[in-house]
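Biologist: Please bring up the structure that we are going to discuss, and let me ask how each label is earned.

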Amino acid sequence: MTGALADPMSAAVRGRLSPAALPLFRELGDLKRIRSAEAAGSIAERLFVAAWAALIRGEPAEDVMARVTGAALVSARLGDIDLVVLDRLGIGTRAESILERAFDELADEGVIEDDALRTHIRGALPQGRPQMGPVPPFVGKLARQPRAGVTCPGRPRIMLQPPENHAEHCLMVAVYGVIASPWHRADATRVFLAGLAHHLHNADMPDSGYSGEMLLGEALNDAIANARAAATAEIAEMAPTLVDQVEDALAPISGDSTGEARAFHVADVLDRVLEIEQFTRAGRLAMDVVLGDYGLVHDGPVKAFHDRILADAGLA
């Protein structure tokens, strides 16, 4: 699925971030922090595992891209209420319209600028999230491997807890990359695969960040290549035909000369920075925003009494 734009004068064609996208990227990034009793791990982590499970069992990468991206957009508003949960709750006949409403709240705000891509993703919603299944060992390792956080050569690490893991980061880069693909006339499926696979090496290579990379020096490239080869061998053992697709998707991202590489780097750098920004945003959060703008104590039959309780307590 190629993200081509009809309007050649669009800012996106010139490689600029769509103004509507940054708030959405922030919202999607919280999939790293949304959990439920349904299963262990965040939604982002589980979508990463499900994406690899689908690819390993031979589902077309274009379809996996659409299902996972659609599920991520829906989950930004519905959390862990998905097709399976709606069916279990006895409202499966209304599930498709509910999922489409959640999708349209976000995707119809101009953030997916290619009509064919948006239609393809929306059309995959009735299929729900990909099913879990067998995956190579590196998938579980990436879900257990923390990201380094903020590091700089010669300076102590800035620890921000809880840390994201590499599965969560890779999933968000894959989804952001799909959204960014039309801005650079990139193939959304190749960008999606690059996002999923760009940290294969960190399955066996703990993340020591920028500081560690500088200390490894000339050994860095060999360490990454050897670790990536081990993960690629695991893919080859379970799904030999997938290896070429993954390597083709990863090939251009060492630079920025192709549309696919540029869309990937938009996704990668924004997720890296927005992950740290969410800590600073949380620290600035004020109660007037929570109570006023967000209506934490929202309309209902006892709202007036709730408001009086807060006033008596000095909280409003």
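Biologist: Which element gives the most to the lining of the largest pocket?

Modeller: That element is α13, which gives seven residues. Please keep in mind that this is a predicted model, in which local features need pLDDT of at least 70, side-chain atom pairs count only at pLDDT 80 or more, and totals for chains, interfaces and linings use all residues. Residues are numbered from 1 along each chain as its sequence is written, and side-chain values use heavy atoms, with hydrogens and water left out.

Biologist: How do you know where α13 begins and ends, and which other elements give two or more residues to the lining of the largest pocket?

Modeller: Helices (H or I, at least four residues) and strands (E, at least two) are DSSP runs, numbered from the N terminus. The largest pocket has a volume of about 1,100 Å³, and the elements that give its lining two or more residues are β1 (150-152), β2 (155-158), α10 (209-216), α11 (220-238) and α13 (259-284).

Biologist: What makes a residue part of that lining, and which residues lie nearest the centre of the largest pocket?

Modeller: On a 1 Å grid over the protein atoms alone, a pocket is an open set of points with protein on both sides within 12 Å along at least five of seven lines, a cavity is a set where a 1.4 Å probe fits but cannot get out, and a lining residue has an atom within 4 Å of a point. By that rule 42 residues line the largest pocket, with Arg-147, His-199, Asp-207, Glu-213 and Arg-272 nearest its centre. The lining divides into 20 nonpolar, 13 polar and nine charged residues.

Biologist: Why is the contact between Glu-277 and Arg-26 called a salt bridge?

Modeller: A salt bridge is a side-chain nitrogen of Lys or Arg within 4 Å of a carboxyl oxygen of Asp or Glu. The closest N and O atoms of Glu-277 and Arg-26 are 2.8 Å apart, so the pair falls within that 4 Å limit. Since Glu-277 belongs to helix α13 and Arg-26 to helix α1 (residues 21-29), the pair ties together parts that are 251 residues apart in sequence. Glu-277 also meets Arg-281 in a salt bridge, at 3.3 Å from N to O, and these two lie four residues apart in helix α13, about one turn of the helix.

Biologist: Why is Arg-26 called partly exposed, while Arg-129 is put in another class?

Modeller: Buried means under 20% relative accessible area, exposed over 50%, and partly exposed in between (1.4 Å probe, protein chains only). Arg-26 has 26% relative accessibility and therefore counts as partly exposed; Arg-281, with 30%, is partly exposed as well. Arg-129, by contrast, is buried, and so is Asp-82.

Biologist: What links Arg-129 and Asp-82, and at what N to O distance?

Modeller: Their side chains meet in a salt bridge of 3.7 Å, N to O. Arg-129 sits in the loop between α6 (115-123) and α7 (137-144) and Asp-82 in the loop between α3 (61-78) and α4 (83-88), so the pair ties together parts that are 47 residues apart in sequence.

Biologist: How many cavities does the search find, and what lines the largest one?

Modeller: The search of the whole structure finds two cavities of 30 Å³ or more. The largest holds about 110 Å³ of space and is lined by 15 residues, with Ala-71, Leu-99, Leu-125, Gly-128 and Arg-129 nearest its centre. Helix α3 gives this lining the most, with six residues.

Biologist: Where is the centre of the second largest cavity, judged by the residues closest to it?

Modeller: That cavity has a volume of about 60 Å³, and of its 13 lining residues the closest to the centre are Arg-26, Gly-29, Arg-33, Leu-274 and Glu-275. The elements that give its lining two or more residues are α1 and α13, with α13 giving the most, six residues. Arg-33 and Glu-275 also belong to a network of salt bridges that includes Arg-147, a residue already named beside the centre of the largest pocket.

How values were computed: Points joined across faces, edges and corners; volume = space filled by probe spheres on them. Nonpolar A, V, L, I, M, F, W, Y, C, P; charged D, E, K, R; others polar.
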